[in-house]
Amino acid sequence: MKILTGNDLGTGDVIWWAGDGWSRQVGDSVDVGDKGDELARVEEAALRVVSAYVIDATVDEEGVRPAHIKDRIRALGPTVRPDLTLKPNDADAGNWVI
Amino acid sequence: MYRYDNYDQSIVDARVEEFRDQVQRRLAGHLTEDQFKPLRLMNGLYLQLHAYMLRVAIPYGTLNGRQMRKLGEIARKYDKGYGHFTTRTNLQYNWIKLADAPDILAELATVEMHAIQTSGNCIRNISSDQYAGVSADEVTDPRPWAELLRQWSTFHPEFTYLPRKFKICVIAAEEDRAAMRLHDIGLKLVSRDGKVGAEVYAGGGMGRTPMVAPQINDFVPEDEIVSYLEACLRVYNRYGRRDNKYKARIKILVHELGVEEYKRQVEEEFAHMRELGLNPPTEELDRIRPFFAGPAYETGLSDEIDRADPAFALWVDRQIAAHRQPGYAIVNISLKPRGGIPGDASAEQIDLVADLAEAYSLDELRVTHAQNLVLPHVKKADLHAIWQKLDAAGLAEANMDLISDIIACPGLDYCSLANARSIPLAQKLSERFAGADRQKDLGELKVKISGCINACGHHHAGHIGVLGVDRKGVENFQLSLGGSGAQDASVGQITGPGFSEDGVVDAIEKVTDLYLSQREEGERFLDTYRRLGMKPFKEAIYG
Amino acid sequence: MVEFLSFREGEAAQEPAVTVESFTGQSNSTAVRIEAGEDARELLPYIDRLSLVEVNFPAYGDGRGYSAARILREAGYDGELRAVGDVLVDQLNAMRRCGFDTFRPDKALDDAAVERALNRYADVYQKTVDGRRPVWAKRHPETVNG
């Protein structure tokens with residue numbers, strides 16, 4: 001599937017296109033098909049996202065998984081600071097990015 | 001310590017207001033990201049993987065307790081309670097909100113700090129020797145010149161849109177503690193017939209094409225350094241390549257023209273420039289110099305250190321450098337705890353070091369390019385008290401220049417340019433080689449890790465260097481040996497095929513084992529490598 | 001919005017600018033246009049004859065035009081020096097400092113923004129060709145004249 005991601009213009013938070021708006025959880029991502037670039041333009045112009053781009057992803061039992069490690073690290077947070085990731089209580093969360 | 005006068009302050013204050021205006025225009029939609037990006041970069045504001053990152057300049061790595069405390073306060077108030085000291089002796093905050101950035105700059109301005117030109121294709125923070133002013137082997141304190149050049153380079157109207165970023169380093173000692181010859185321009189102050197001047201080196205750098213800078217002038221008199229640099233920069237600005245960002249640094253120009261031709265063009269330009277009155281008068285250097293004059297040292301102090309506590313003695317042996325004033329010592333504070341993140345410091349640690357600087361180091365501290373901190377003026381009698389406080393804060397690691405004193409860029413955990421994570425590898429290495437005796441036995445061994453070819457982790461200059469690459473979406477690490485950023489500067493050679501993260505730790509252990517078995521009396525790892533060459537190391541790794 | 005900005009007395013030059021190549025050939029033109037990467041020094045023998053030099057900025061990040069401008073001013077050129085192309089409000093101040101005295105940007109500039117940009121910094125650190133006294137001269141008025 002194709003999903004759309006970027007950063008919140010004001011906070012810089014990593015965000016994912018969830019169909020009716022943006023979510024901080026990669027698991028909320030929806031397939032944007034071939035509409036990603038157009039969506040990115042509209043959302044950037046509306047100041048809701050910055051540096052938006054379309055990536056490949058798959059869905060498995062754990063949810064949406066970006067194809068590239070860089071986006072998996074973006075989805076989680078810095079693997080060297082588990083306390084600052086979106087899963088601070090999951091000791092094995094870092095393994096998901098590899 | 002240099003202190004701003006009203007001119008310096010008004011320039012920095014004006015910059016804060018300018019950036020506030022630019023951020024407001026961006027948040028209101030009057031500037032697109034394409035238009036805003038170069039403006040925010042000129043103030044050190046990047047968009048990284050997880051948030052905006054702000055890089056604060058620490059000119060020539062010197063700051064006082066009040067400034068350090070402000071850095072801690074900002075970490076707590078606007079970030080997530082920590083900061084990261086970089087190889088350019090700056091500090092990066094990883095979790096900044098765009099709307100907060102102008103307020104942060106305003107807070108920095110209250111302690112005479114800024115983020116000007118910490119990014120962009122302009123002259124970056126001037127770097128220098130962390131032992132400036134206190135080492136016995138220097139001709140003069142290089143920092144007055146560094147401050148003069150900080151001012152000269154700030155908003156230089158001709159050199160704000162160079163082909164690529166531009167890094168200048170000023171040192172004045174025989175021992176090069178600042179990787180001077182790996183800078184776009186390196187200045188080494190020397191004395192000739194009782195006059196101070198600079199040896200000038202141009203075209204060094206790391207990145208994709210690492211080069212050790214050749215000398216282009218063996219003596220530029222101190223009162224002509226500014227106009228000489230104007231000449232060097234003008235030739236680069238006009239003829240540096242702009243068609244390919246990977247070939248745009250001055251090192252490529254110097255290499256393609258040839259040193260002699262670059263030199264000739266600079267001399268021609270300089271002949272013209274020196275007539276223009278571009279150099280500040282000697283009175284200006286005389287005005288700046290006293291700010292850096294040695295503080296009021298006490299005399300008659302003892303050089304005795306009570307070594308009864310073995311852990312303290314170990315730390316003293318490793319972290320203390322000779323101060324030129326009897327009874328005083330230079331204290332190196334490691335930001336490389338076992339299993340830790342190289343260069344990171346919590347707000348509490350930053351506060352503590354600010355307190356220590358004020359209480360014990362005549363209100364001064366330094367940041368090193370190896371991502372450590374220095375208290376430059378400590379009475380030997382105070383060492384034990386300092387050590388106890390550092391130890392309680394997790395800052396008493398005794399590993400300076402040892403295998404676990406690793407330089408590492410933020411890598412793919414934070415950086416949008418990175419191809420692989422640097423920090424987890426540094427952590428694994430420091431765990432693997434954690435034993436104090438083992439590290440001590442291995443001796444000076446500089447390990448440097450970069451998460452991509454931009455080489456922010458100085459891997460080319462590592463005795464052992466590691467470069468992270470992306471191999472079909474999987475992190476992979478290339479090992480190199482034999483680099484040095486010191487006075488014997490050299491560029492490391494790649495050993496061969498790359499490794500996984502665990503694989504490169506194993507490979508480094510094989511390399512160090514070979515060193516231990518082959519070294520001759522008094523040889524560092526680097527010396528043994530240079531004597532034996534790559535072949536036996538390669539066999540040990542891949543054989 | 002401002003489409004043409006001038007800091008000169010009197011009318012701007014109207015003559016169309018010719019290329020450096022045709023100018024240094026046999027043209028008796030008095031207006032020339034320098035593209036990024038062209039050598040401003042080629043014009044130095046003719047500066048008495050010139051009344052307009054246009055310097056093109058193909059992209060705001062291409063800083064070669066700043067050097068071209070300073071080279072001409074340092075050589076004594078006192079005719080119109082015009083920045084054209086991708087000239088944005090945030091670069092105006094630096095361009096002024098390098099000797100540009102007229103501007104024809106691709107995209108018109110906002111008057112208020114121009115005003116703010118040019119008056120932002122009361123002090124400057126470098127001596128250039130704009131006649132402004134650098135901070136070091138103000139600090140040492142007894143030794144630095146002019």
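Me: Which chains share the most contacts among the 2 pairs of chains that touch?
Reply: Chains B and C do, a contact being two residues whose C-beta atoms, placed from the backbone, lie within 7 Å. This is a predicted model, in which local features need pLDDT of at least 70 and side-chain atom pairs count only at pLDDT 80 or more, while totals for chains, interfaces and linings use all residues. Residues are numbered from 1 along each chain as its sequence is written, and chains are lettered from A in the order in which they are written.

Me: How many residues of chain B are in contact with chain C, and which element gives the most?
Reply: On chain B, 31 residues are in contact with 28 residues of chain C. H1(B) gives the most to this side of chain B, with 6 residues.

Me: How do you know whether chain A and chain C are joined or separate?
Reply: No contact joins chain A and chain C, and their closest C-alpha atoms lie 20 Å apart.

Me: What makes H6(B) oblique to H8(B)?
Reply: The axes of helix H6 (residues 225-239) and helix H8 (residues 259-273) of chain B come within 8 Å and cross at roughly 130°. That makes H6(B) oblique to H8(B), because angles under 35 degrees count as roughly parallel, over 145 as roughly antiparallel, 65 to 115 as roughly perpendicular and the rest as oblique.

Me: Which residues make the contact of H6(B) with H8(B)?
Reply: Among them are B:Tyr228, B:Ala231 and B:Val235 of H6(B), and B:Tyr262, B:Val266 and B:Phe270 of H8(B).

Methods
Axes are lines fitted to C-alpha atoms, for helices over the stretch in contact, and angles run from 0 to 180 degrees between N-to-C directions. Helices (H or I, at least four residues) and strands (E, at least two) are DSSP runs, numbered from the N terminus.
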